[in-house]
Amino acid sequence: MVHVYNCHPFEAQRIVSAEQEPGLVCCGGGALFVVSAGGCKIEAFDLRREESPVICRFSCAGTVLSLQHSAVGDYLVTIEEKNNATYLRAYTNWRYQAVEKTRVGVRLLGHLLRGSSFRGAPKEQMEIIEIPLFEPPLCVACCSLTGDLLVGSAKSLVVFSLKRQTLSEQLSVLDFERVLILHIQGWSPSQVAFCAGYVALQTELEVLVIKLVQRQKSAQTAEENALLPEDIMVETSLEDDAEMKKDGFSPLHEQEDFFVFPKHQEMLGSEAQDCGITLVPECTAMDAEIRGETSVVYVLFRRFAPDFFQGCSIEETRLHSLQLHPIFTGKQEESSISRCGDPACMFVFFSLPNTGYMYSLKSSVELVSTYQYPEKAHQAVLSDQFLYVITRNALQCFTVRCSAVAARVQDPYIDTTMKACPPFSMEVCALRIQLFIGLKVLCQDGNHIVLLTAADVDSKEDTERPVRKNTSRKSSVCKSTEASDSAHGWNLYVISSVSTLQLYREIVEYSKRYEQSNPCSQSCVHLLSEAHLLLRSALLKLQDGPSEEKQELLEAFQESCAHLGDCFSRFDKKDCHLALPYYKMSGLTVTDVIQRNVSMSALSSSYGRGFIFFLKHSLYEETVEELSKDVADKVLEIFSGAEPAQLPHVVCCSSMLNADPDGAGVLLEQLEASGAPSITLALCRASLALRTGDHHTYSQQMERHAEMLQVYGFIEEPRLLLHGRGVGLMPTLLAQQLRDTQEGLLVAALVALHENSRISLEDALIFFQELCKDGVEPDSSPQLLVDFWESLLVASSRESTIQELLFRLVSIYISRITGRDPSGCKALKTADDLINSCSHYGMLYPWVSTLTPDLHHDQQEDLLKLQSLLCGPTLQVSSILPLLEPLSDSDDPGLSVHVLCSTKLGQHEDSIHRLLDRCPQAIIPYAQHQLHHHTLCLWWQKLFPEVCDRIRKMGNDNTILLSALKETLIVAARELTPLEFLDLLPDDGTAHFFLPHLLECCQ
């Protein structure tokens, strides 16, 4: 179904004063080209000036059968006929024919004129370039981005690249080079389109779209092509047809006894390669950089069958108006000839007499829009904003969905809670059906639409007999016809389009008619969505446009978003959630949106679900400005009537701080009386009591539930404790009260919030630093923050979080041990508590207590916690080595930490050295605990000789070393053979000291 409205997209129309009845018409580059006088003369009119004066006239070498203009290079290309032969010619520098007697240069493609006469007037001479072909041309298309040519013949497609050849410093000319031949087997196109490597082909009932992909040419492919003569594939295709006939499989058009109707078929993407049409590329470029292996990627294939129920005969059911249309979403760089860059979107359009189809080709191939015409269409032209269609007696202007597709390519936030755009699947509409008499030809250039009308008195069959046309965005091609004696007259109209802003405002006014009768009218939403897409399309075209015009469009765009937000805010079911992104895009504040909806609700006495959805999400996202007292109270009133269960959450929002706490308390009390869950309600009422200074009510509400249940309440509503995110995060009054009275509950609540992904580790750091910044503790690491890290380490199971917490805790413990960051507050958990409750804290090794000195209580606890982490199984010692630099091993606290680290890293020899030098009484407990299994040999290989050396230096009076030597000999005697033990004994040893151990070894 197509909606039909009565808008006015056309601003004015004027008649072009051509001397004779036009046969062919096309436009481009701000000019209108008319072929008249039997098809051998071209007139160019200026579309940009009133009255459309003549720019120039020039004669053609033959009768023009087809005419195209290329904006890139500003040249004309024609298919001409003379003496029963068909030619392809390009007309460059045609604007210099303002004086008809100006000289004209004629040359072959690739043959540049270098004579003295040409040099004498390099900028004032039109050139006619003959383009030779080995097959008669049937159709031609120009690439709107590069100016390259695509020529369709019966058996092949030929691509010509547009080039600018420099002859001297002051002189450069346009030329073409044949770069590619596509040989088609068993298919002959009647119409072609070409843009950015995409090629669209059309027969009477079939459409094929391919993409040419350039690849680096392999040596094998080059060899194969070198063995084949040029153009050999033409003969091959002829031989293939002959073979098919010999086997009885002649093509359908040669079957004389019956006709087989094809069935409807649609193949998208890679499926299209099974369409049965083979295209064989042959590279013919001379430039080595261009030469390469060109592959053909099939994009789309569509086949239609004649439909007897559409009001058209079988002969009339044929395709027309094939067109490729690119859309850019970024700024385009202009090279000397072509537009640079790859289009973000590519669309293909083609049409049957009663239905038009537009497909999107990039990313995913899909049908975007289907156009059902009210009557049989003769021709259609697709532009960025509209689809123009002519029937026998009407010009129809349809909306398109190009900007909706482009918006989703350009912005990944479309279709989220941040941004929205009308869907491209939304039904199209006809904004205007303008009546004319005898419409024949349609073409379009920028803001101008050109129509050729011709009234006649032929029979109905002759009048309605279709004329095969070849159209593109800037051209219109049909068979040249002479004025008959029965002609009553003809006219050539130039119609100007209104500005986007003017049409936008008209559509908005038009939508208000539907809004007055039904505020939730789908027609109102549809019209506003069409207006929104018009503005999107205009903004895409104005990427490099004037800043003032762009600013006006942006303001209208925000206004459009506000209108759509208003519509969706009134909805109760379908699409009501779209109010949120559209209001966000409108630039309106939440206060503005509330005031708009309050005024709208005065008529309906209720608020739409879309508005409630917007309000709820905006408040909860905490990106809203602080609401005034009146507006905040109004918000509470809105929710008390619409969604009372949300009141506790709304009251806790940072933007609602100015709301009347007494009024909010009354509403919460009423909600609780209705049977709502009481935990979050009680915490919310406690928070409101703090704001009013009512400590008695605060205590009553906090005592209603156990702390464990209150933690669940904080998980449900984190804004009871904190507002904002990141740098702007702030603790609430309730959090400050808990800091002073129930720090354990506060820490437990933050741990629960982190474990339920309601707060990040960095946000928790900011929270505690802000909460404790007015205290006596250092701002960087208050004790509550350390308590939070220790408690989170107990609760967390995520490895990345655990390692980060361990690193931070080790850093804090070392800072406190060294006295650089002392803590004046008591920790929630002692070292024993952590060892008993957390697996990451290990039991202290027996020898560690020997090394642990007596310190201040707080420092002692921090040292024990650090030692416990080093004795635990989780801490990766290598990651904390840089943190040990401030902690010297010259004092006792540092010695225990360094020895533990060396031991965890497997550096037992270093630990033995340290202990023997600094604390020899700990060496035997250390060895007994650490030297086992593969390190057992260190008893006699390392510890025994080290102890002997120190006894020699210090004398036999050192009882600690002698005791260590005896323990070492006991282990060695137990583990070694007598011979090994004898080899171990020192030469200067006393026999009576070592003999008992030797006897023990022998036994």
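Five bridges connect strand 23 with strand 24 (residues 355-360), and the two run antiparallel; strands here are DSSP runs (E, at least two residues), as are helices (H or I, at least four), numbered from the N terminus. The model is predicted, so local features need pLDDT of at least 70 and side-chain atom pairs count only at pLDDT 80 or more, whereas totals for chains, interfaces and linings use all residues. Residues are numbered from 1 along each chain as its sequence is written, and side-chain values use heavy atoms, with hydrogens and water left out. The protein chain comprises 33 helices and 36 strands.

**Overall composition**

- Of the 1003 residues of the protein chain, 54% count as buried, that is, under 20% relative accessible area (exposed is over 50%, partly exposed in between; 1.4 Å probe, protein chains only).
- Among contacts with a separation of 6 or more, 65% are between residues 24 or more positions apart; a contact means heavy atoms within 4.5 Å.

**The sheet containing strands 23 and 24**

- Strands 22, 23, 24 and 25 form an open sheet in the order 22-23-24-25, with antiparallel pairing; two strands pair if DSSP finds at least two bridges between them.
- Strand 22 and strand 25 (366-372) are the edge strands, each pairing on one side only.
- Neighbouring strands of this sheet are turned by 15 degrees against each other on average, direction ignored.
- F349 has M358 in strand 24 as its bridge partner.
- Helix 4 (residues 402-410) packs on the sheet and touches strand 22, strand 23, strand 24 and strand 25. Its direction makes about 155 degrees with that of strand 23, where axes are lines fitted to C-alpha atoms, for helices over the stretch in contact, and angles run from 0 to 180 degrees between N-to-C directions.

**A second four-stranded sheet**

- Another open sheet has four strands in the order 2-34-31-30, and its pairing is antiparallel.
- Strand 2 (10-15) and strand 30 (439-445) each have a single partner strand, so one side of each lacks a neighbour in the sheet.
- The average turn between neighbouring strands of this sheet is 20 degrees, direction ignored.
- Strand 31 (residues 448-455) and strand 34 (residues 489-497) run antiparallel and are joined by eight bridges; T453 has N491 in strand 34 as its bridge partner.

**Strand 15 and its partners**

- Strand 15 (residues 172-185) is mostly covered, with 11 of its 14 residues buried.
- Strand 14 (residues 156-166) pairs with strand 15 in the antiparallel sense over 11 bridges, and F160 stands opposite R178 in strand 15.
- Strand 20 (residues 278-283) also pairs with strand 15 in the antiparallel sense, over six bridges; here Q185 stands opposite T278 in strand 20.

**Aromatic and charge-ring arrangements**

- The whole structure holds 24 aromatic pairs. Rings of Phe, Tyr and Trp (its six-membered ring) pair if their centres lie within 6.5 Å; planes under 30 degrees apart count as stacked, over 60 as edge-to-face and the rest as tilted.
- F304 and F350 form an edge-to-face pair, 6.1 Å centre to centre with 65 degrees between the planes.
- This pair links distant parts of the chain, 46 residues apart: F304 lies in the loop between strand 21 (293-303) and strand 22 (320-327), and F350 in strand 23 (residues 345-351).
- F304 is buried, with a relative accessible area of 1%, and F350 is buried at 0%.
- One aromatic cluster is formed by F304, F350, Y357 and Y359.
- The charged end of R89 sits over the ring of Y87, 4.7 Å from its centre; the criterion is NZ of Lys or CZ of Arg within 6 Å of the ring centre and within 35 degrees of the ring normal.
- The charged end of R513 likewise sits over the ring of Y510, 4.4 Å from its centre.

**Nonpolar cores**

- The largest nonpolar core has 187 residues, of which L451, L746, L750 and F788 touch the most other members. Such a core is a set of buried Ala, Val, Leu, Ile, Met, Phe, Trp, Tyr and Cys residues joined through side-chain atoms within 4.5 Å.
- Leaving aside neighbours within four places in sequence, F788 is in contact with V747, L750, V751, H754, L761, A764 and F768.
- Another core, of 51 residues, lies apart from the largest one and includes L150, L279, A285 and V299.

**The surroundings of L895**

- L895 is located in helix 27 (residues 892-904) and counts as buried at 2% relative accessibility.
- Not counting residues up to four places away in sequence, L895 touches L851, S888, D889, R914, R918 and C919.
- L895 and R918 are 23 residues apart in sequence and 8.1 Å apart in space, C-alpha to C-alpha.
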